[in-house]
Amino acid sequence: MPDATFKIFRGDRDRGELIEYKVPIAPGMVVLDALHYIQAHQTPDLAVRWNCKAGRCGSCSAEVNGRPRLTCKTRLDALPLNEPITVQPMKAFPVLKDLVTDVSWNYRVNRFFVRIAGLEMHPLDAASRTELLKNDLGIGFCNITKCCTEVCPEDIHITDNAIIPLKERVIDDFYDPVRWFLRKISGRKLT
Ligand code: FES
């Protein structure tokens, strides 16, 4: 059976390096299987977080060849195996050890754009949150690469169904000259 070569980040938030490991390829294998193989046969102290192994919980997230991926859903046969596969911790979060990051921020913000979109589009909710979105919540910093949608374990279309509609509302309220003019002459403030 041919081997795949992995280069895996080993270290912590202060220092680290990519260490090379060889893993025999089995049919249907995913990156998380390879990490478990390495843990079981080569380096039992490799820190890897996972839970459902079914693409639901998101805890196995890592950067595979530089892209955020669920390692339990990333099949080896979808990767170029003629070169080493790099597996690194998610860049968006502080590294704790190896592939495990501190994701406590996730639990604090809990995908807040989706929740705000739910309120903004609720027919009985008359409040406007566009000023909050623009000035405090940083909606302008999202450049709609859809990385969050790609890796969302709950398959929520975060970009299409939350971020883009919210960006449109911010643009309507702050950059549409007709609306701006009407608001100016009516004296209406954003609520
Ligand atoms: S282990 Fe739960 S999404 Fe991969």
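Colleague: Which helices and strands each supply at least two residues of the lining of the largest pocket?

Modeller: A caution before the answer: this is a predicted model. The elements are strand 3, strand 4 (67–70), helix 2 (104–109), helix 3, helix 5 (147–151) and helix 6. Helix 2 gives the most, with four residues.

Colleague: How many residues line the largest pocket, and which are the closest to its centre?

Modeller: The pocket holds about 1400 Å³ of space. Its lining has 45 residues. Closest to the centre are Phe93, Trp105, Asn106, Cys148 and Val151.

Colleague: Now the interior. Which residues of the largest nonpolar core touch the most other members?

Modeller: The general idea comes before the case. In soluble globular proteins, nonpolar side chains tend to be buried together. Here the largest nonpolar core has 25 residues. Those that touch the most other members are Phe6, Ile8, Val31, Leu35, Leu76 and Val87. Two or more residues come from each of strand 1 (3–11), strand 2 (16–24), helix 1 (31–41), strand 3 (61–64) and strand 5 (85–88). Helix 1 provides the largest share, five residues.

Colleague: Take Ile8. What is Ile8 in contact with, leaving aside its neighbours within four places in sequence?

Modeller: The contacts of Ile8 are Glu17, Leu18, Ile19, Tyr21, Leu35, Ile38, Leu46, Val87 and Leu99. A second, separate core has 11 residues. Among them are Phe113, Ile116, Ile163 and Leu166.

Colleague: Back to helix 1. Which of the residues of helix 1 are buried?

Modeller: Start with the geometry. An α-helix has 3.6 residues a turn, so residues three or four places apart point the same way. In helix 1 the buried residues are Val31, Leu32, Ala34, Leu35, His36 and Ile38. What covers these buried residues includes strand 1, strand 2, strand 3 and strand 5.

Colleague: How many salt bridges does the count come to?

Modeller: The count is 14 salt bridges. Read each one with two things in mind: the distance between the atoms, and the burial of each partner. Take Glu120 and Arg169. Their closest N and O atoms are 3.7 Å apart. Glu120 lies in helix 3 (residues 112–120) and Arg169 in helix 6 (residues 158–175). The pair links distant parts of the chain, 49 residues apart. Glu120 is buried, at 8% relative accessibility. Arg169 is partly exposed, at 31%.

Colleague: Asp125 and Arg129 also pair. Which of the two is buried and which is partly exposed?

Modeller: Their closest N and O atoms are 2.8 Å apart. Arg129 is buried, with a relative accessible area of 16%. Asp125 is partly exposed at 22%. The cut-off matters in this reading: buried means under 20%.

Colleague: Which residues are joined into one network by salt bridges that share partners?

Modeller: The network holds Arg10, Asp45, Lys97 and Asp98. Look at one link in it. Asp98 forms a salt bridge with Lys97, with the closest N and O atoms 3.0 Å apart. Asp98 is buried, with a relative accessible area of 2%. Lys97 counts as partly exposed, at 37% relative accessibility.

Colleague: Next, the cysteines. How many disulfides does a search of the whole structure find?

Modeller: The search finds zero disulfides. Consider Cys142. Its nearest cysteine sulfur, that of Cys148, is 6.2 Å away. A disulfide needs the two sulfur atoms within 2.5 Å, so Cys142 and Cys148 do not qualify. Cys142 is partly exposed, with a relative accessible area of 21%. Cys72 is buried, at 10%.

Colleague: Last, the backbone. Where is Lys53, which has a positive phi although it is not a glycine?

Modeller: The background is simple. Most residues other than glycine have a negative phi. Lys53 has a positive phi of about 55 degrees. Lys53 sits in the loop between helix 1 and strand 3. It is partly exposed, with a relative accessible area of 37%.

Colleague: And Lys146: what is its phi, and where is it found?

Modeller: The phi of Lys146 is positive, about 70 degrees, although Lys146 is not a glycine. This residue is in the loop between helix 4 (130–135) and helix 5. Lys146 is partly exposed, with a relative accessible area of 33%.

Methods: Residues numbered from 1 in each chain as written. Predicted model: local features only at pLDDT ≥ 70, side-chain atom pairs only at ≥ 80, totals over all residues. Heavy atoms only, no water. Core = buried A, V, L, I, M, F, W, Y, C linked by side-chain atoms within 4.5 Å. Buried < 20%, exposed > 50% of the residue type's maximum accessible area, 1.4 Å probe, protein only. Contact = heavy atoms within 4.5 Å. Salt bridge = Lys/Arg side-chain N within 4 Å of Asp/Glu carboxyl O. 1 Å grid on protein atoms, 1.4 Å probe; cavity = no way out; pocket = protein on both sides within 12 Å on 5 of 7 lines; lining within 4 Å. Points joined across faces, edges and corners; volume = space filled by probe spheres on them.
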